[in-house]
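Reader: I should like to go through the classifications attached to this model and hear the reasoning behind each of them.
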Amino acid sequence: MALTLYVDTARWRAHHKHVQEQFPGLVPVCKGNGYGFGHERLAEEATRLGADLVAVGTTYEAARLKDFFSGDLLVLTPYRRGEEPVPLPDRVIRSVSSVDGVYGLVGARVVIEVMSSMKRHGVKEKDLPELHAAIENVRLEGFAIHLPLDRTDGTSAVEEVIDWMNRLRAARLPLHTMFVSHLKADELAQLQQQFPQTRFRARIGTRLWLGDHEATEYRGSVLDVTPVSKGERFGYRQQKAPSDGFLAVVAGGTSHGVGLEAPKAMHGVMPRAKGVARAGLATVNRNLSPFVWGGKQRWFAEPPHMQVSILFIPADAPEPKVGDEMVAHLRHTTTQYDRLVDR
């Protein structure tokens with residue numbers, strides 16, 4: 001009895017190939033929890049795609065992934081002087097976002113990140129003259145730019161990249177490779193056409209691994225079902241049942257990531273209104289679970305436990321049985337499954 005991630009493997013891999021065809025030179029991103037699949041599985045899939053390079057989030061992830069992937073590894077978190085040293089092979093490439101960082105990696109393979117409108121990290125235009133001397137003592141693999149997902153001001157992602165290409169060219173810095181993130185396929189093709197001497201490589205994670213929502217599905221096994229009457233007390237906090245129905249114990253709790261939710265950016269009146277409504281219900285211990293039964297998302301009977309959740313199923317819904325599975329709408333990047341089943 002488990003929280004299971006089911007994968008329609010043929011469909012999932014067909015999507016990978018489609019993305020790869022749209023983005024020649026694709027760099028698969030295998031960071032965090034491996035987008036819900038785990039590092040070992042994504043390393044296998046990247047190898048199947050013929051990738052020569054994958055990107056990871058941290059040096060610690062690189063240290064783990066190196067045993068599963070034989071190609072080069074690009075660490076996305078920028079190097080900082082004084083960081084804890086992690087033993088890594090020469091096939092690991094470090095990202096750098098400052099001139100000082102370049103000087104701190106003498107002899108290393110590096111990718112230099114430039115400051116985009118994300119304003120997260122990166123070298124600035126005023127730093128470019130100093131880079132000439134700095135890059136003499138490293139093996140420069142290229143430059144990189146990480147772009148925002150939304151452009152609410154109407155600006156162009158392509159123009160932002162072009163502006164940086166022109167700055168780097170004016171500073172007489174080598175432009176053999178530019179790593180990019182969050183570009184559309186036609187935008188990438190436009191840049192490649194405008195700068196034929198530069199190889200543009202898209203670093204892609206979410207769109208690659210999670211782009212086809214119908215290829216994967218989480219399901220939690222029903223472990224126990226107990227009938228309850230309206231007003232009957234139950235659970236750790238001895239709350240009262242709101243009506244006649246059933247308490248269903250389902251595999252999937254806080255250790256799996258159930259009940260944990262990353263903050264969302266809300267745009268528009270309706271999403272904000274729904275967010276306010278959910279917050280209001282939570283104050284009276286009414287929290288909607290990610291589990292679906294009888295065609296509806298069901299309410300938590302109480303906050304999820306470590307490895308299971310208890311749901312309230314009203315009497316007018318089909319009675320769940322031990323061994324049934326409930327679909328769970330879970331975020332891959334915050335979920336840890338018990339088992340993965342290819343089908």
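Author: The exchange below takes the chain as a whole, then its helix contacts, its nonpolar cores and several single residues.

Reader: What should be said about the origin of the model, and how many helices and strands are there in the protein chain?

Author: The model is predicted. The protein chain holds 9 helices and 18 strands. Its C-alpha trace spans about 75 × 45 × 40 Å along the principal axes. Of its 343 residues, 47% count as buried. Among contacts with a separation of 6 or more, 67% join residues 24 or more positions apart.

Reader: What makes α6 roughly parallel to α7?

Author: The axes of α6 (residues 157-170) and α7 (residues 185-194) come within 10 Å and cross at roughly 30°. Angles under 35 degrees count as roughly parallel, and therefore α6 is called roughly parallel to α7. The crossing of the two helices is right-handed.

Reader: Which residues of α6 and α7 meet, and how do they divide by class?

Author: From α6 come A157, V158, V161 and I162, which meet E187, Q190, L191 and Q194 of α7. The residues of this contact comprise 5 nonpolar, 2 polar and 1 charged.

Reader: Why is α1 called oblique to α2?

Author: The axes of α1 (residues 9-22) and α2 come within 11 Å and cross at roughly 60°. An angle under 35 degrees would count as roughly parallel, and roughly perpendicular covers 65 to 115. The angle of roughly 60° fits neither class, so α1 is oblique to α2. The crossing of α1 and α2 is right-handed. On the α1 side the contact is made by T9, W12, R13 and H16, and on the α2 side by R41, L42, E44, E45 and R48. By class, this contact has 2 nonpolar, 2 polar and 5 charged residues.

Reader: Which residues have the most contacts inside the largest nonpolar core?

Author: They are F37, L131, F143, F200, W209 and M326, in a core of 91 residues. The largest share of this core, 7 residues, comes from α6. Apart from it lies another core of 8 residues, including V228, L247, A301 and F312.

Reader: What is F37 in contact with, leaving aside its neighbours within four places in sequence?

Author: F37 is in contact with L5, V7, W12, L42, W209, L210, T216, H332, Y337 and L340. Of these, W209 is also listed among the residues with the most contacts inside the largest core.

Reader: How do you know whether P129 is buried or exposed?

Author: The relative accessibility of P129 is 60%. Exposed means over 50%, and so P129 counts as exposed. P129 is found in α5 (residues 128-134). P129 and V111 are 18 residues apart in sequence, and their C-alpha atoms are 17 Å apart in space.

Reader: Why is S221 called buried?

Author: Buried means under 20% relative accessible area; S221 has 5%, and therefore it is buried. S221 lies in strand β10 (residues 216-228). Not counting residues up to four places away in sequence, S221 touches M1, A2, V249, V250, A251, D324 and E325.

Reader: What makes L183 buried, and what is it in contact with?

Author: The relative accessibility of L183 is 4%. The limit for buried is under 20%, so L183 counts as buried. L183 lies in the loop between β8 and α7. Leaving aside its neighbours within four places in sequence, L183 is in contact with F23, L147, A157, L188, L191 and R207. The C-alpha atoms of L183 and L147 are separated by 7.8 Å, although these residues are 36 apart along the chain.

Reader: Why is a positive phi worth noting in a residue other than glycine?

Author: Most residues other than glycine have a negative phi. In Y35 phi is near 55°, a positive value, and in H182 phi is near 65°, also positive. Y35 sits in the loop between β2 (27-28) and α2 (39-48), whereas H182 is found in the loop between β8 (177-181) and α7.

Reader: How do you know the burial class of Y35 and of H182?

Author: Y35 has a relative accessible area of 6%. That value is under 20%, so Y35 is buried. H182 has 34% relative accessibility. Partly exposed lies between the limits of 20% and 50%, and therefore H182 counts as partly exposed.

Definitions and conventions: Residues are numbered from 1 along each chain as its sequence is written. This is a predicted model: local features need pLDDT of at least 70, side-chain atom pairs count only at pLDDT 80 or more; totals for chains, interfaces and linings use all residues. Side-chain values use heavy atoms; hydrogens and water are left out. Axes are lines fitted to C-alpha atoms, for helices over the stretch in contact, and angles run from 0 to 180 degrees between N-to-C directions. Helices (H or I, at least four residues) and strands (E, at least two) are DSSP runs, numbered from the N terminus. Angles under 35 degrees count as roughly parallel, over 145 as roughly antiparallel, 65 to 115 as roughly perpendicular and the rest as oblique. A crossing is left-handed if the near helix is turned anticlockwise from the far one by less than a right angle, and right-handed if clockwise. Contact means heavy atoms within 4.5 Å. Ala, Val, Leu, Ile, Met, Phe, Trp, Tyr, Cys and Pro count as nonpolar, Asp, Glu, Lys and Arg as charged, and the others, Gly among them, as polar. A nonpolar core is a set of buried Ala, Val, Leu, Ile, Met, Phe, Trp, Tyr and Cys residues joined through side-chain atoms within 4.5 Å. Buried means under 20% relative accessible area, exposed over 50%, partly exposed in between (1.4 Å probe, protein chains only).
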